[in-house]
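Visitor: I would like a close look at one part of this structure, the salt bridges and the strands around them. Please take it step by step.

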Amino acid sequence: LSNGIIRVGDAKIRDDAVSYSVGDVVRLVVSHGVIEFFCNGAPQGSCSAASMLDAVGPAPMVPYVNMTTATDSVTLLEWTHPPEDHLDPLPPAKTNVPVTSTMAATWDNARRHADIAVEGPKVTKATSAADYSSVCIAHSVRAKGTYAFSVRVDKLVSNNMFVGLMAASGDVAANPSDGNRPDRCYLLSNGIIRVGDAKIRDDAVSYSVGDVVRLVVSHGVIEFFCNGAPQGSCSAASMLDAVGPAPMVPYVNMTTATDSVTLLEWTHPPEDHLDPLPPAKTNVPVTSTMAATWDNARRHADIAVEGPKVTKATSAADYSSVCIAHSVRAKGTYAFSVRVDKLVSNNMFVGLMAASGDVAANPSDGNRPDRCYLLSNGIIR
């Protein structure tokens, strides 16, 4: 709503989002059942579409604008979507549905604790020979592509169950909450979310018998859901860095005898997209679908260009920017890497700016809404 309220179905998500008015651009993105609103590119709030989709059943949803006063008007700027054959409405939230996958979704006998008994999609901690007993899916998660893993909690005795990702080589008898576990992440049944050594949240929803816990990993971002409602998201970068190229696998860890879950979902990209990401770029040639060149028309006169290398040759100005000759749009995926060859005063900015921006401007000036950066002293704006 233009006064800053966000609602999904009967639920008020936020009442302090930005108010929008004439000239503002309002954007709605729906990705894998999650709705996110933006105003002038700034995120205003996100939530699961599950409650709304449940309410309308299989009927498709459509984007809309509602106006209340004569002469109000808007202009459509964008409508992007998958190919037509992928435009079917989402099914209702997954609560008790068959596994959907391009390959058999199975628990991994080679990566399960001896305490764990497997009966088809259902796994049970049959004994208490160990305090912590993990069982993993037989297929791995990589940094590329989108994956989803859902389990229904069938029994939970002591409110101490973990659902998440761990290194395929990880110890299935380890305590996931041990502070020295950079190789795993989880949503704990008491509402704690951790990724590696970092606690992301301690006030997520507590889950119990009958609840469906879902983990979605999309291009390196992890998001947890409980009964369709988002509980928290974070980058998997720290975890992937810690374990290197080793694959990650979805897992459940149970601590009390007779605890059990049933696998509902394991979806993933086709096998030919399961390659791991290459190591972090440190000194490699530029890779591009077009020549990656610095832009002579968008560089300060202080800047000297020698092929891929740029140098601030003089100090005629305090701040001197140089830009790439090709633009970044809101659609698609872009990557830009530079190696720092010399840095005298720890005051270098790398980021994005408007193509029409002033190349002599101080990027850290508070009135610079047209740029973002990572400053060499660790500040991101």
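Visitor: Does Asp-203 count as buried or exposed, and at what relative accessibility?

Guide: Asp-203 counts as exposed, with a relative accessibility of 53%. The model is a predicted one, and that applies to everything below. The side chain of Asp-203 meets that of Arg-201 in a salt bridge, at 2.7 Å from N to O. Arg-201 has a relative accessibility of 29% and counts as partly exposed.

The count of salt bridges comes to 10, and two others can be set beside this one. In the pair of Asp-108 and Arg-111, the closest N and O atoms are 3.1 Å apart. Asp-108 is buried, because its relative accessibility of 12% falls under the 20% limit. Arg-111, at 23%, counts as partly exposed.

The other pair is Glu-265 with Arg-214, where the closest N and O atoms are 2.7 Å apart. This salt bridge links distant parts of the chain: Glu-265 lies in strand E19 (residues 260-267), Arg-214 lies in strand E15 (residues 212-218), and 51 residues separate them. Glu-265 is buried, at 1% relative accessibility.

Strands E19 and E15 both belong to an open sheet of seven strands, in the order E7-E8-E19-E10-E15-E16-E17, with antiparallel pairing. In that order, E10 stands between E19 and E15. The edges are strand E7 (116-119) and strand E17 (229-235); each has a single partner strand, so one side of each has no neighbour in the sheet. On average, neighbouring strands here are turned by 20° against each other, direction ignored. At the E7 edge, four bridges join E7 to strand E8 (residues 122-125), and the two run antiparallel. Within that pairing, Ala-117 is opposite Thr-124 in E8.

For the wider setting, the protein chain has two helices and 25 strands. Of its 381 residues, 33% are buried. Among contacts in the chain with a separation of 6 or more, 59% are between residues 24 or more positions apart. The accessible surface of the chain is about 21,900 Å², and carbon and sulfur atoms account for 54% of that.

One part of the surface is a nonpolar patch formed by Val-65, Met-67 and Val-74, which together have about 290 Å² of accessible area. Val-65 sits in the loop between helix H1 (50-56) and strand E6 (107-112). Its relative accessible area is 53%, so Val-65 is exposed.

Note on methods: Residues are numbered from 1 along each chain as its sequence is written. This is a predicted model: local features need pLDDT of at least 70, side-chain atom pairs count only at pLDDT 80 or more; totals for chains, interfaces and linings use all residues. Side-chain values use heavy atoms; hydrogens and water are left out. Two strands pair if DSSP finds at least two bridges between them. Axes are lines fitted to C-alpha atoms, for helices over the stretch in contact, and angles run from 0 to 180 degrees between N-to-C directions. Buried means under 20% relative accessible area, exposed over 50%, partly exposed in between (1.4 Å probe, protein chains only). Contact means heavy atoms within 4.5 Å. Accessible areas come from the Shrake-Rupley method with a 1.4 Å probe; for residues, only the protein chains shown count as cover. Patches are made of residues with over 30% relative accessible area and no salt bridge: like charges are joined within 9 Å, nonpolar side chains (Val, Leu, Ile, Met, Phe, Trp, Tyr) within 5 Å. A salt bridge is a side-chain nitrogen of Lys or Arg within 4 Å of a carboxyl oxygen of Asp or Glu.
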